[in-house]
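Me: I am new to this structure and would be grateful for a close look at one part of it. Please take the second largest pocket and then place that part within the whole.

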Amino acid sequence: MINDKLKKFLALASCVVTAFAFCFALSGCAEQEEALPEEDVDYEIALVTDDGLVMDGGHSEVAWNAIVDFGGTNGISHKYYKAAEPTDKAFEEIIRTAINKGAKLVIIDNSSMQEVAYEMQKEYPEISFAMTEAEPYDDNGDIRIDKNTVAVAFDSGQAGFLAGYAAVNEGFTKLGFIGQSENDEIKGFGYGYVKGANRAAKEFGITVSMKYEYCSDSMDSEAICNAASDMYEDGVECIFAAGGNIQDSVIEAADTNDGRVIGSMTDQSSKSERVITSAIYNITDAVKSLLKNYRDREFPGGDIIEYNAYNKGIGLEVRNNRLENLTQKQYDAVYSMLAKGEIKVRTDKAESPEEITAPNVTFE
């Protein structure tokens, strides 16, 4: 039988344990209250993309990483939103979702949203909008950039020029170009590629050949891979893959056919040893500059901000490249000429690559 003293001790111990457990439970409740549920959180900066992958090594991933870094450093909440499908209705819905979740700055990272952006900037004049690699336009193709919107453009012609110049300097004389589509940006890459190849070929006193092709809307990844494989089988040594959605397919063909690839927009070197370099956009600095302007209430609404060699907005990937012959001195020299305007890469007048003045390049 338990004596009275022991009973009192056990009762006291029980009370202590219960009190400790109760305090622990309260602590747990407090922690849960601090971690607000998703629906109660507002996100000030929104990145809006299409239904594709965000973390795929492309420009959306680079833009998002820039937002995460800036938002974390400056204590500004941020979130990315993906459309359910690649339709104007879905694009409109996802932009509204971002705004309803508290977005004050919406960064639209997709050229397919140009018409939707045109309407959204009018409907939400209190919201700041930014478009990368695109401008808002109506269904007639007329561009309109309101005071609450800014567009960021990169000189794809200059980037393409550097790609062509590097390819010939590496010793390739049979070149290929595959463009994602036949829009102005991709044509800039392609025409610049021809001009850069011509410049280097002229310096070497040689002639190089070029196979040039745009993808059609009906081409899936397998068809693009087959088109690239056909080029390699016909003797092409290096293909410039221009456009975010086709690069993996061209790289796959290069892996199979012992070819070489030059990527575009972002660094593609991690995808294969066949990628010798990439003609890149400085998306990180462009996005961070926009974010800084927004934070400082100096948002450059109504403008198109152009990035080129002059402001170091384009270039070749130099840290992870596999170039063996192009020296840093050669690269710096040609880059400086682009920046100073001593080399002009005009791509807006030619209707086809064959119309470009490039006597040291023959088309097959």
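Reply: The account below begins with the pocket, turns to one helix beside it, and then widens to the protein as a whole.

The model is a predicted one. Its second largest pocket holds about 460 Å³ of space. The lining is made up of 22 residues, and those closest to the centre of the pocket are Ile280, Tyr281, Leu316, Glu317 and Arg319. By type, the lining residues comprise 10 nonpolar, seven polar and five charged.

Several elements of secondary structure contribute to this lining. At least two residues each come from β10 (275–281), α9 (283–295), β12 (314–316) and α10 (328–340). Of the contributors, β12 gives the most, namely three residues.

One of these elements, α9, also contains asparagine 293. Is this residue buried or exposed? Asparagine 293 is buried, because its relative accessible area is 18%, and the cut-off for a buried residue is under 20%. Once neighbours within four places in sequence are set aside, asparagine 293 has contacts with Glu298, Phe299 and Pro300.

The wider setting can now be described. The protein has 10 helices and 13 strands. It consists of 364 residues, of which 48% count as buried. Its accessible surface amounts to about 18500 Å², and carbon and sulfur atoms account for 48% of that area. When contacts between residues at least 6 apart in sequence are considered, 66% of them join residues at least 24 apart.

In soluble globular proteins, nonpolar side chains tend to be buried together. Here the largest nonpolar core has 69 residues, and the members with the most contacts inside it are Ile107, Leu175, Phe177, Phe189, Met210 and Phe240. Phenylalanine 240, with residues up to four places away in sequence left out, touches Gly160, Ala163, Gly176, Phe177, Ile178, Phe189, Tyr193, Ile262, Gly263, Ser264 and Ala279. Apart from the largest core lies another, of 23 residues, which includes Ala90, Ile95, Met113 and Met120.

Met120 leads to a further helix, α4, which spans residues 114–123. The buried residues of α4 are Gln114, Val116, Ala117, Tyr118, Met120 and Gln121. They pack against one helix and three strands: α3 (88–100), together with β3 (105–108), β4 (128–132) and β5 (149–154).

Note on methods
Residues numbered from 1 in each chain as written. Predicted model: local features only at pLDDT ≥ 70, side-chain atom pairs only at ≥ 80, totals over all residues. Heavy atoms only, no water. 1 Å grid on protein atoms, 1.4 Å probe; cavity = no way out; pocket = protein on both sides within 12 Å on 5 of 7 lines; lining within 4 Å. Points joined across faces, edges and corners; volume = space filled by probe spheres on them. Helix = DSSP H or I, 4+ residues; strand = E, 2+ residues; numbered from the N terminus. Nonpolar A, V, L, I, M, F, W, Y, C, P; charged D, E, K, R; others polar. Buried < 20%, exposed > 50% of the residue type's maximum accessible area, 1.4 Å probe, protein only. Contact = heavy atoms within 4.5 Å. Areas by Shrake-Rupley, 256 points an atom, 1.4 Å probe, with all protein chains shown as cover. Core = buried A, V, L, I, M, F, W, Y, C linked by side-chain atoms within 4.5 Å.
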